[in-house]
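Work through the following exercises with the coordinates open beside the text. Each task is followed by a solution that goes step by step.

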Amino acid sequence: MRTIAVINAKGGCGKSTIATSLAAALAWEGHSVALGDMDPQQSTNDWLGLRGEDAPEILAVNRQGGPLRAPSEADTLILDTPAGLHGTELGHVLRRAETILVPILPSPVDMRAAWRWLNHLAELKPVVQKETVVGLIANRVRPHTIIYRELTGFLNEFRFPVIGQLRDSMNYVRAFERGLAVSDLPPYQAWQDWEEWEPILAWIRSRRSRGKA
Ligand SMILES: Nc1ncnc2c1ncn2[C@@H]1O[C@H](COP(=O)(O)OP(=O)(O)O)[C@@H](O)[C@H]1O
Ligand SMILES: [Mg+2]
């Protein structure tokens, strides 16, 4: 089973939004996807609870105090994580996940927080040894703004690839509160978001996002 984790030191940057969106997109591709929520706030688990029968199924993960255990029929496990992952918890996620997605907002506070944390991440053993591959996602972007240009410049400073950018869209907010993701919305409403997910999904499908076993 392949494990993909969504992490960032900051809260509110879109981890749960991206974890649920990715889970839905891969479920639409026919994958058997499990979604694990490591955040005590449990917003991703709540989302899963709202998900209706009409949308492609995403499997829940049992916790019961112990480690997250994905159902055996899952081929992909997506992990949503709490803000402030550091030390042993971060190490644990890196050992477990072959692929890491890091959403970053076009905000000075978020960029400053991400700077040290991403540099720290780049020095950790599984990342150095390429057992874990990291991809950055610019989230809630509004093109043609100064801060967007600053974010683009900032993200290019790292040796991690920028695998995509997602616009600031109410589609994410509205879908989330119904247990849905943008890939569950009709194309006339969400075609722009579908298009933005394409390069991210292409990267996920490719060898480039797979760690050396
Ligand atoms: N691309 C986006 N466009 C609009 N709103 C977004 C987008 N990504 C996230 N949000 C909103 O931002 C807030 C924080 O996102 P969330 O995924 O909960 O962040 P985190 O899990 O990192 O704390 C939520 O209200 C969410 O709906
Ligand atoms: Mg969250």
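**Exercise 1: the edge of the sheet**

In β7, V141 has R167 as its bridge partner, where strands (E, at least two residues) and helices (H or I, at least four) are DSSP runs numbered from the N terminus. The model is predicted, so local features need pLDDT of at least 70 and side-chain atom pairs count only at pLDDT 80 or more, whereas totals for chains, interfaces and linings use all residues. Residues are numbered from 1 along each chain as its sequence is written, while chains are lettered from A and ligands numbered from 1 in the order in which they are written.

Task: determine in which sense β6 and β7 pair, and over how many bridges.

Solution. Begin with the bridge partners in β7: I137 is matched with G164, and A138 with Q165. Strands β6 (residues 133-141) and β7 (residues 162-167) pair in the parallel sense over four bridges, pairing being assigned if DSSP finds at least two bridges between two strands. Between them the chain passes through helix α6 (residues 146-155), in a β-α-β crossover that is right-handed, which means that, with the strands pointing away from the viewer, the path from the first strand over the helix to the second runs clockwise.

**Exercise 2: the whole sheet**

Task: state the order of the strands in the open sheet, and explain why one side of β3 and of β7 is left without a neighbour.

Solution. The seven strands run in the order β3-β2-β4-β1-β5-β6-β7, with parallel pairing. Because β3 (59-60) and β7 stand at the edges with a single partner strand each, one side of each has no neighbour in the sheet. On its other flank β6 pairs with β5 in the parallel sense over six bridges, and there V102 has L136 in β6 as its bridge partner.

**Exercise 3: burial**

Task: decide whether R159 is buried or exposed.

Solution. First locate R159, which lies in the loop between α6 and β7. Next count neighbours: R159 is exposed because 9 other C-beta atoms lie within 10 Å, the classes being buried at 20 or more such atoms, exposed at 12 or fewer and partly exposed in between, with C-beta atoms placed from the backbone. In β6, by contrast, eight of the nine residues are buried.

**Exercise 4: the ligand shell**

Task: find which elements each supply at least two residues of the shell around ligand 1.

Solution. These elements are α1, β6 and α7 (170-176).
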